[in-house]
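Okay, thanks everyone, let's get going. I'll put the structure up and then walk through a few helix pairs and some individual residues.

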Amino acid sequence: MLRSAQTTQPQPTSTMSPRPLWLSKVDTTSLFFNLLALYLITFLYTYPYGIKLGGTASFRPVDIFTLLMIGLGGLLLLQYGRINATVLIFWPLLPLFLFEVTAPLLSVPVYGEVDGISNAIRMVLLHAPVLIAASFCASQRLDELTQRIARIFQIALIANLIYASMQLSVRFEVLPRSVLFTEQLQPFAVDTHLQIGAYDRPPGFFHKVTELSQFGFTAFAFFLARYQERERGSNLFWAMFGAMFVIVSTGRAAYVALFLVVLWVLGSYLLSFKLRNLRRLIQITLVGVCFIGLVIWLLSLVTDVNMFFERVFVLTNRDELESDSSLSARMEIHWPRALRRAEAYPFGTLRPAGELVGLVDSGFLSYYIQARWFGVLILLFTFSVLFYKTILIKPRYRTWAHRFVLYLLFYIVPSMIVLNPTHVPLFIFMLYYGIWVMNMETI
């Protein structure tokens with residue numbers, strides 16, 4: 001049974017059992033917000049590590065907080081027998097969530113793939129945190145969660161800058177390798193291809209440099225959207241701080257997304273030309289140029305800038321793009337090989353494709369191999385609805401959260417060609433959070 005999203009706490013009726021003494025003293029909303037904050041912090045620093053449980057199953061430190069939220073949510077549901085109607089706002093993501101859980105489970109009876117159970121559990125753990133919290137929290141207090149996320153991102157940006165600088169210093173033999181304490185955690189890595197050793201493109205605290213660029217872009221989108229709403233200079237500063245990680249990572253998917261966001265912001269300001277928008281555009285341009293100039297200057301002190309950005313320059317030259325080794329390897333080796341191996345699964349692999357057919361390196365192709373065109377249609381439905389809700393909503397109802405979700409889509413959708421960002425925990429978390437905020441701020 002659903003209850004109104006505006007109710008701060010479930011109230012027992014005469015037919016319900018008395019509220020437990022310990023529960024009556026707990027601010028449920030604050031407790032869930034604190035657990036979400038701890039989940040995000042633990043993810044940002046420890047997600048590659050954990051304990052392997054056999055097959056594809058693993059247990060990571062971040063799972064502790066998800067299980068706590070699920071357990072707490074279960075107790076509240078048993079006590080009151082109802083949840084917030086807020087969960088209905090997540091309907092654009094629910095078909096994808098249900099697909100991610102049910103498809104691997106179907107692989108157990110269809111193909112006898114028992115690892116499908118662990119795949120399903122992992123997807124529940126990734127999608128559950130915000131979904132569970134929204135079921136029991138007072139949505140009118142979402143600003144408290146937003147402030148926590150802002151502080152977490154700010155600290156993580158500084159921490160990754162320091163640690164990535166240390167990794168670069170080790171690369172150029174300025175510091176000894178012993179200062180990189182994450183290398184000592186390698187035996188606990190549950191993700192394959194953990195980047196260690198060569199730090200020409202440092203990953204910071206993340207699994208690899210691609211994930212650092214994804215975090216940098218998420219922080220950039222978060223703070224830029226908030227700056228556009230409130231024009232606080234600190235938000236613009238942190239947005240450019242995040243963009244700096246995108247630039248240093250030379251992640252081409254993130255570069256494309258950054259370009260799309262800049263193009264969208266420029267176009268939206270020019271279409272509704274006002275003195276206020278002109279001032280914002282000038283501020284963004286000046287701060288952006290200063291940050292980019294500083295980054296390039298610092299890089300020039302330790303390396304050849306042209307060589308550092310060589311893989312990005314490929315995007316501007318059609319002939320070089322066609323001969324790019326990364327793209328050609330996908331088109332000529334990985335994708336054809338994955339499709340050939342997928343022929344052994346008449347209903348699709350049902351489990352995540354990469355675990356059964358090898359490296360795929362394409363989100364769209366992964367979903368096609370997993371469930372044929374049904375998997376692709378689920379994706380297209382999700383993306384179409386989210387674009388509709390973020391772009392076509394009336395301007396007077398458009399909030400910073402609408403812009404934030406739109407900017408995330410600018411990364412997720414194009415990069416589905418060569419990556420699978422719908423399985424990135426940070427994007428899953430922030431999409432749920434963004435949808436929650438943008439719906440609550442328009443009520």
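**Helix packing in a predicted model**

Let me start with the contacts in the protein between residues at least 6 apart in sequence: 73% of those join residues at least 24 apart. Keep in mind that this is a predicted model, so that goes for everything I say today.

Now the overall picture. We have 18 helices and four strands in the protein. There are 443 residues, and 52% of them are buried. The protein exposes about 20,400 Å², with carbon and sulfur atoms supplying 67% of that.

On to the helix pairs. As a reminder, two packed helices are described by the angle between their axes and the distance between the axes.

First up, H2 and H5. H2 covers residues 28-46 and H5 covers residues 115-136; their axes come within 9 Å and cross at roughly 160°. Anything over 145 counts as roughly antiparallel, so H2 and H5 are roughly antiparallel to each other. As for handedness, H2 passes H5 in a left-handed crossing. Who makes the contact? On the H2 side you have Thr 28, Phe 32, Leu 36 and Tyr 39, and on the H5 side Leu 125, Leu 126, Pro 129, Val 130, Ile 132, Ala 133 and Phe 136. Sort the residues of that contact by class and you get ten nonpolar, one polar and no charged.

Next, H6 and H8. These are residues 142-171 and residues 233-249, and the axes come within 11 Å, crossing at roughly 40°. With that angle, H6 and H8 are oblique to each other. H6 passes H8 in a left-handed crossing. From H6, the contact takes in Gln 154, Leu 157, Ile 158, Asn 160 and Leu 161, and they meet Trp 238, Phe 241, Gly 242, Met 244 and Phe 245 in H8. By class, this contact of H6 with H8 has seven nonpolar, three polar and no charged residues.

While we're on those two helices, let me pick out one residue from each. In H6, look at Phe 153. Buried or exposed? Phe 153 is buried, with a relative accessible area of 0%. Leaving aside neighbours within four places in sequence, Phe 153 is in contact with Leu 40, Leu 44, Phe 215, Thr 218, Ala 219, Phe 222, Phe 223, Leu 426 and Met 430. Take Leu 44 from that list: C-alpha to C-alpha, Phe 153 and Leu 44 are 9.1 Å apart in space, while in sequence they are 109 residues apart.

In H8, the residue I'd like you to find is Asn 235. Asn 235 has a relative accessible area of 7%, so it counts as buried. Again leaving aside neighbours within four places in sequence, Asn 235 is in contact with Phe 223, Arg 226 and Tyr 227. You'll recognise Phe 223, which was also on the contact list for Phe 153.

Third pair: H4, residues 94-111, and H16, residues 363-391. Here the axes come within 10 Å and cross at roughly 165°. H4 and H16 are therefore roughly antiparallel to each other. H4 passes H16 in a right-handed crossing. H4 brings Pro 95, Leu 96, Phe 99, Glu 100, Ala 103 and Pro 104 to the contact, and H16 brings Tyr 367, Gln 370, Ala 371, Phe 374, Gly 375, Ile 378, Leu 379, Phe 381 and Thr 382. The class split for the contact of H4 with H16 is eleven nonpolar, three polar and one charged.

Let's stay on H16 for a moment, since Leu 377 sits there too. At 54% relative accessibility, Leu 377 counts as exposed. Measuring sticks out, C-alpha to C-alpha: Leu 377 and Phe 364 are 10.0 Å apart in space and 13 residues apart in sequence.

Last topic, backbone angles. Arg 372 is not a glycine, yet it has a positive phi of about 55°, and Arg 372 is also in helix H16. Then there's Leu 350, with a positive phi of about 70°, and that's not a glycine either. Where is Leu 350? Leu 350 lies in the loop between helix H14 (325-342) and helix H15 (354-357). At 8% relative accessibility, Leu 350 counts as buried.

That's my tour, happy to go back to any of the pairs.

Terms used. Residues are numbered from 1 along each chain as its sequence is written. This is a predicted model: local features need pLDDT of at least 70, side-chain atom pairs count only at pLDDT 80 or more; totals for chains, interfaces and linings use all residues. Side-chain values use heavy atoms; hydrogens and water are left out. Axes are lines fitted to C-alpha atoms, for helices over the stretch in contact, and angles run from 0 to 180 degrees between N-to-C directions. Helices (H or I, at least four residues) and strands (E, at least two) are DSSP runs, numbered from the N terminus. Angles under 35 degrees count as roughly parallel, over 145 as roughly antiparallel, 65 to 115 as roughly perpendicular and the rest as oblique. A crossing is left-handed if the near helix is turned anticlockwise from the far one by less than a right angle, and right-handed if clockwise. Contact means heavy atoms within 4.5 Å. Ala, Val, Leu, Ile, Met, Phe, Trp, Tyr, Cys and Pro count as nonpolar, Asp, Glu, Lys and Arg as charged, and the others, Gly among them, as polar. Buried means under 20% relative accessible area, exposed over 50%, partly exposed in between (1.4 Å probe, protein chains only). Accessible areas come from the Shrake-Rupley method with a 1.4 Å probe; for residues, only the protein chains shown count as cover.
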